[in-house]
Structures are given as structure tokens and as C-alpha cells.
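User: Hey, can you walk me through this one? I'd like to start with the strands and then get to the charged pairs.

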Amino acid sequence: MDNLSTRQKGDIGEDKAVAFLLSNGYEILDRNFRIPSGEIDIIALIGEYIVFVEVKSLPHGNLELLSHELNIRKQRKIIKTSKYYLQKYRQYSNRYIRYDVLAIDVPGLDPVYHIVNAFWE
């Protein structure tokens, strides 16, 4: 794993995240949704919620590093990108919105550590 590029590690982490979400009843709508000002790793549906998911692979990290990686600037970019997504795909505008984080391979935590409602606007 150490000889892989950052992008390859990220892809592996996102694949683990997608498998986790699917096994927990989520429907995946999109992956790596990009606009010039931001990106959302995974967009999924569960119940009445549309969930915008940030995936962080941190095999040498901890929760403190995770909170640093997901600072307020990053959160604002995700929120802005989610608003663009909802304007583009209006069929989801009647859903509740949630921002989750999936931390992958963080030592001392579950292999996929799901933080529901990790942040909000």
C-alpha cells in the first residue's frame, strides 16, 4: 500500500466506502462529482436523505488529523458543491440533506468509521 500513489490510495478508500454504504442500504447516485470550486466523493440516498459523503483514508492518522483535514474551508467547499448538485438534479430537492464522513483505515477505529452528520451549514 505504501508504494501506491495518493490517488490510488484514495480510490481504494472510496471503493471501501462505497461497499460499506451499499451493505448498509444506501443507494449510490454519484462518485467524484466535481465543479471548478469543489468535489464530493460520494453522493448517496438513504430513506428521506440525500447524503454528501467525504471519504478520508488515513492509515497513519487519528481523529485529530481527520478534523484538521476536514477544516471549515473544506466543509464550505463541500456545501457549495452540494448546492450546485441539488440545483442541477432538482428531483432530490425534496430530501433532507446530510453531510457524512467515512474515515478509512484509521488506527484504533473500525476499518470504515462512519461519522453521520459530521458537519452542517
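Analyst: Sure. One term before the hairpins: two strands pair if DSSP finds at least two bridges between them. Keep in mind that this is a predicted model.

User: OK, so how many residues does the hairpin use to join E1 to E2?
Analyst: Two residues link E1 to E2 there. Strand E1 (residues 27-35) runs antiparallel to E2, with seven bridges between them. Ile-28, for instance, sits opposite Ala-44 in E2.

User: And what does E2 pair with over five bridges?
Analyst: Strand E3 (residues 49-57), again in the antiparallel sense. Ile-42 has Val-53 in E3 as its bridge partner. That hairpin also has two residues between the strands, and Gly-47 takes a positive phi near 55° in it.

User: Is E2 mostly covered or exposed?
Analyst: Mostly covered: seven of the nine residues in E2 (residues 38-46) are buried.

User: Switching to charges. How many salt bridges are there?
Analyst: The count comes to nine. In one of them, Arg-31 meets Glu-14 at 3.7 Å, N to O. Those two are 17 residues apart, with Arg-31 in strand E1 and Glu-14 in helix H1 (residues 6-23).

User: Why does Glu-14 count as buried?
Analyst: Because its relative accessible area is 4%, and buried means under 20%. Arg-31, at 31%, is partly exposed.

User: Which residue forms a salt bridge with Glu-54?
Analyst: Lys-74, with the closest N and O atoms 3.6 Å apart. Glu-54 is in strand E3 and Lys-74 in helix H3 (residues 72-88), 20 residues apart. Salt bridges with shared partners put Glu-54, Lys-56, Glu-69 and Lys-74 in one network.

Methods
Residues numbered from 1 in each chain as written. Predicted model: local features only at pLDDT ≥ 70, side-chain atom pairs only at ≥ 80, totals over all residues. Heavy atoms only, no water. Buried < 20%, exposed > 50% of the residue type's maximum accessible area, 1.4 Å probe, protein only. Helix = DSSP H or I, 4+ residues; strand = E, 2+ residues; numbered from the N terminus. Salt bridge = Lys/Arg side-chain N within 4 Å of Asp/Glu carboxyl O.
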